[in-house]
Amino acid sequence: MSKRVVLAMSGGVDSSAAAVLLHRQGYEVIGLFMRSGETEKQACAVSGDGLLPVLDTPTHKQGCCSAEDAADARRVADQLGIPFHSLNFQDSFKRIKDYFADEYLAGRTPNPCVQCNNWLKFGKLWDFAQQVGANHIATGHYARILKDEQTGEHTLHCGSDPNKDQSYVLFGIRRDLLSRILLPVGEYQKPAIREFAEEAGLRVAQKKDSYEICFVPGDDYAGFLNNYRDLGNTAGDFIDTDGEVLGQHAGYEKFTVGQRKGLGIAFGEPRFVLSVNAETRQVVLGTREDLATQHVRINGLNWLVDRPAESFECAVKLRYQQKSTPCSVQIVNNDEAQITLNQPVLGVAPGQAAVFYDGDKVLGGGWIQAELDDFANRSLPASMPKEL
């Protein structure tokens, strides 16, 4: 069996350490830098030999696909003596930017990292792997894929480091690709990966992790939307849960569910964004108690195991940084389900992913469409954390 693998190299410590691990495990590693962000002052065009020329580094750090990152990834590949390709995925990535803009302008909170994994890192990456005769693809994600030796089934599991686990953002990948995916760093704690990279002599060993969305420099979502789309007039009213006007805002696209800061209006006690109505341009504000909900509707179901029964119990994560919560799930049809949480969760945002777990195994998930509780019926148990 071929041991050739195409590794997505971002120039960070995780994918760089993954390259070393795979190389030492005897794999024939081919590095691929996926250029997918903005083009100004950055490398983007594919040269005649299929490599991406590294141009001047921009003054701002831009997620995980800047020219600086491309240079770091290339240096690691050169150090290991592995082939390295930097390809322009700008056209394909336009789909992600369109999705991002469409969701915000519909009053939802997008998760472009999940879609990038679905469409690019485990979509285009696999296409490229087949073109170069590779049997596997790999990334530096903190998650694990385990094989049942009796059934031969491959399943996705949380990473060994609970503080870095990224299984949530992988729920949407194709089940049939699980046997083709390698996640070398998923078995390790983050400090061990940095130590390993240091021992291997990688200059990126202490490079800071990137938390920005690569096409939104400075996390300025509103600025990106204003430059990317002709927004027109998006100003409107702040209202309370009874529909009373509290004040005005300059654009509903500047707000997401759970937001407390940056409202531009003062109250006697903290107010949070409860919902965003794109049609009326109204932003509903309320108390922390108003953020709590126990019933959620999702669609766009994707299963990484055999489809469960119509009703089942599991745990669910409704945001990347939130802990999983026990729940019961009622599958409505092949594409929709309703979740009933065992206890209220704060700040459930339409547009985010709902990911189901059985222990540390990912069952699948879908996309939050609505929270189904009326504001008047919400309450919080005394054990709820004080912060979102």
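This report walks through a predicted model, from its overall make-up to its cores, ring pairs and strands.

**The big picture**

The protein has 6 helices and 17 strands. Of its 388 residues, 52% are buried. Contacts that reach along the chain are well represented: among those with a separation of 6 or more, 65% join residues 24 or more positions apart.

**What sits inside**

Start with the largest nonpolar core, which holds 50 residues. The members that touch the most others are Val6, Leu32, Phe100, Leu156, Ile181 and Phe215. Helix α4 gives the most to this core, with 8 residues. There is also a second, separate core of 30 residues, and Ala17, Tyr142, Ile193 and Leu202 are included in it.

Leucine 32 is a good residue to click on. Leaving out residues up to four places away in sequence, leucine 32 touches Val6, Leu7, Ala8 and Met9, then His85, Leu87 and Phe89, and finally Leu125 and Phe128.

**Rings against rings**

Searching the whole structure turns up 15 aromatic pairs. Two of them are set out here.

| Pair | Centre to centre | Angle between planes | Type |
|---|---|---|---|
| Tyrosine 99 and tryptophan 119 | 6.0 Å | 85° | edge-to-face |
| Phenylalanine 100 and tyrosine 221 | 5.7 Å | 85° | edge-to-face |

Why does the pair of tyrosine 99 and tryptophan 119 tie together parts of the chain that are apart in sequence? Tyrosine 99 belongs to helix α3 (residues 90–105) and tryptophan 119 to helix α4 (residues 112–131), so the pair bridges parts 20 residues apart. Tyrosine 99 counts as buried, with a relative accessibility of 12%. Tryptophan 119 is partly exposed, at 22% relative accessible area.

Now for the second pair. Phenylalanine 100, also placed in helix α3, links up with tyrosine 221 in helix α6 (residues 221–228), and the two are 121 residues apart. Is phenylalanine 100 buried or exposed? At 1% relative accessibility, phenylalanine 100 is buried, because the cut-off for that label is under 20%. Tyrosine 221 has 29% relative accessible area and is partly exposed.

That second pair is part of a cluster. Ring pairs connect Phe93, Phe100, Tyr104, Phe215, Tyr221, Phe224 and Tyr228. Two names in the cluster, Phe100 and Phe215, also appeared above among the core members that touch the most others.

**Charges over rings**

Tryptophan 119 has a charged companion as well. The charged end of arginine 95 sits over the tryptophan 119 ring, 3.7 Å from its centre. Elsewhere, arginine 271 lies over the face of phenylalanine 267, and here the distance to the ring centre is 5.5 Å.

**A four-stranded open sheet**

Which order do the strands take in the open sheet of 4 strands? The order is β9-β8-β11-β10, and the pairing is mixed. At the edges stand β9 (245–249) and β10 (272–277); each has a single partner strand, so one side of each is left without a neighbour in the sheet. On average, and ignoring direction, neighbouring strands of this sheet are turned by 25° against each other.

The partner of β10 is easy to follow on screen. Strand β10 pairs in the antiparallel sense with β11 (residues 282–286), over 5 bridges. One of the residues to look for is serine 275, whose bridge partner in β11 is valine 284.

In the loop between β10 and β11 you will find arginine 281. What is the sign of phi at arginine 281? Phi is positive, near 65°, in a residue other than glycine. Most residues other than glycine have a negative phi. Arginine 281 is partly exposed, with 29% relative accessible area.

**Strand β15 and its two partners**

Strand β15 (residues 336–346) pairs with β12 (residues 292–303) in the antiparallel sense, over 7 bridges. Alanine 292 has leucine 346 of β15 as its bridge partner.

Strand β15 also runs antiparallel to β14 (residues 325–331), to which 5 bridges join it. Here isoleucine 331 stands opposite alanine 337 of β15. How many residues does the hairpin use to join β14 to β15? The connection takes 4 residues.

Note on methods
Residues are numbered from 1 along each chain as its sequence is written. This is a predicted model: local features need pLDDT of at least 70, side-chain atom pairs count only at pLDDT 80 or more; totals for chains, interfaces and linings use all residues. Side-chain values use heavy atoms; hydrogens and water are left out. Two strands pair if DSSP finds at least two bridges between them. Rings of Phe, Tyr and Trp (its six-membered ring) pair if their centres lie within 6.5 Å; planes under 30 degrees apart count as stacked, over 60 as edge-to-face and the rest as tilted. Buried means under 20% relative accessible area, exposed over 50%, partly exposed in between (1.4 Å probe, protein chains only). A charge sits over a ring if NZ of Lys or CZ of Arg is within 6 Å of the ring centre and within 35 degrees of the ring normal. Axes are lines fitted to C-alpha atoms, for helices over the stretch in contact, and angles run from 0 to 180 degrees between N-to-C directions. A nonpolar core is a set of buried Ala, Val, Leu, Ile, Met, Phe, Trp, Tyr and Cys residues joined through side-chain atoms within 4.5 Å. Contact means heavy atoms within 4.5 Å.
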